[in-house]
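Trainee: I'd like to learn how to read a model like this one, feature by feature. Can we walk through it together?

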Amino acid sequence: MLNIVAQKSVIDYWIKLAERNWKTAKSLLKLGHYDMCLFCCHLVLEKYLKALVVLNIKDNPPHIHDLNRLAIIAKLEMSDERKKFLNEITKFNIQARYDDIKLAFYKKATKDYTGKYVKITEELIIWLKKEFRKQ
């Protein structure tokens, strides 16, 4: 268990990294680096969720990347649509990392596809920020 001061420090750490990754994602979108933009969208949501995990369980988050699992551990209520989006965005983490599937992901990451998921990521960020305000 983390004490109050440590909790705040860890939460601030995750939020700061999430905000930095969000700026990076938007920059990558403008540059046309769509596959890496989507990877950063995953990182943004993972870090906001890890901050919520710390807030809600008063301990460090687990070393996992599955966004739905993190949302469950953070004790968030989710619609089926949010679960679906988190599941899809979780795949960006794997698809952008591993060479054997990276080429297929690169082809999938078109301007339109990426734009759609940047917009979805932004909506999910707004939801997660509202969850912070509930606490």
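**Reading the features**

Mentor: Sure, let's start with one residue: T24 sits in helix α1, which covers residues 4–31. Keep in mind that this is a predicted model.

Trainee: Is T24 buried, exposed or partly exposed?

Mentor: You read that from the relative accessible area. For T24 the value is 31%, so T24 is partly exposed.

Trainee: How far apart are T24 and C41, in sequence and in space?

Mentor: Sequence separation and spatial distance are two separate readings. T24 and C41 are 17 residues apart along the chain, and their C-alpha atoms are 9.1 Å apart in space.

Trainee: You brought up a cysteine. How many disulfides are there?

Mentor: The way to check is by the distance between sulfurs, and a disulfide needs the two sulfur atoms within 2.5 Å. By that rule the count is 0.

Trainee: Why does C37 not form a bond with C41?

Mentor: The closest cysteine sulfur to that of C37 is in C41, but it is 4.4 Å away, which is too far for a bond. Going the other way, the closest cysteine sulfur to that of C41 is the one in C37, again at 4.4 Å.

Trainee: And are C37 and C41 buried or exposed?

Mentor: C37 has 0% relative accessibility, so C37 counts as buried. C41 is buried too, with a relative accessible area of 0%.

Trainee: Let's move on to aromatics. How many aromatic pairs does a search of the whole structure find?

Mentor: It finds 5 aromatic pairs. For each pair, look at the ring centres and then at the angle between planes. Take F92 and F105: their ring centres are 5.7 Å apart and their planes are at 35°, so this pair is tilted. F92 belongs to helix α4 and F105 to helix α5, so the pair ties together parts that are 13 residues apart in sequence.

Trainee: Are F92 and F105 buried or exposed?

Mentor: F92 is buried, at a relative accessible area of 0%. F105 is buried as well, at 2%.

The rings of F92 and Y117 give another geometry: with centres 5.3 Å apart and planes at 90°, the pair is edge-to-face. This pair links distant parts of the chain, F92 in helix α4 and Y117 in helix α6, 25 residues apart. Y117 counts as buried, at 6% relative accessibility.

Trainee: Which residues do ring pairs link into a cluster?

Mentor: The cluster is made up of F92, F105, Y113 and Y117.

Trainee: Now a charged residue. Where is E131, and is E131 buried or exposed?

Mentor: E131 lies in helix α6, residues 111–134. Its relative accessibility is 8%, so E131 counts as buried. To see what surrounds a residue, skip its sequence neighbours within four places; for E131 that leaves contacts with L52 and L76.

Trainee: Last one, the surface. Which residues make the nonpolar surface patch of about 260 Å²?

Mentor: I94, Y98 and I101 make that patch. Of these, Y98 is found in the loop between α4 (80–97) and α5 (99–108). Y98 has a relative accessible area of 44%, so Y98 is partly exposed.

Key
Residues are numbered from 1 along each chain as its sequence is written. This is a predicted model: local features need pLDDT of at least 70, side-chain atom pairs count only at pLDDT 80 or more; totals for chains, interfaces and linings use all residues. Side-chain values use heavy atoms; hydrogens and water are left out. Patches are made of residues with over 30% relative accessible area and no salt bridge: like charges are joined within 9 Å, nonpolar side chains (Val, Leu, Ile, Met, Phe, Trp, Tyr) within 5 Å. Accessible areas come from the Shrake-Rupley method with a 1.4 Å probe; for residues, only the protein chains shown count as cover. A salt bridge is a side-chain nitrogen of Lys or Arg within 4 Å of a carboxyl oxygen of Asp or Glu. Helices (H or I, at least four residues) and strands (E, at least two) are DSSP runs, numbered from the N terminus. Buried means under 20% relative accessible area, exposed over 50%, partly exposed in between (1.4 Å probe, protein chains only). Contact means heavy atoms within 4.5 Å. Rings of Phe, Tyr and Trp (its six-membered ring) pair if their centres lie within 6.5 Å; planes under 30 degrees apart count as stacked, over 60 as edge-to-face and the rest as tilted.
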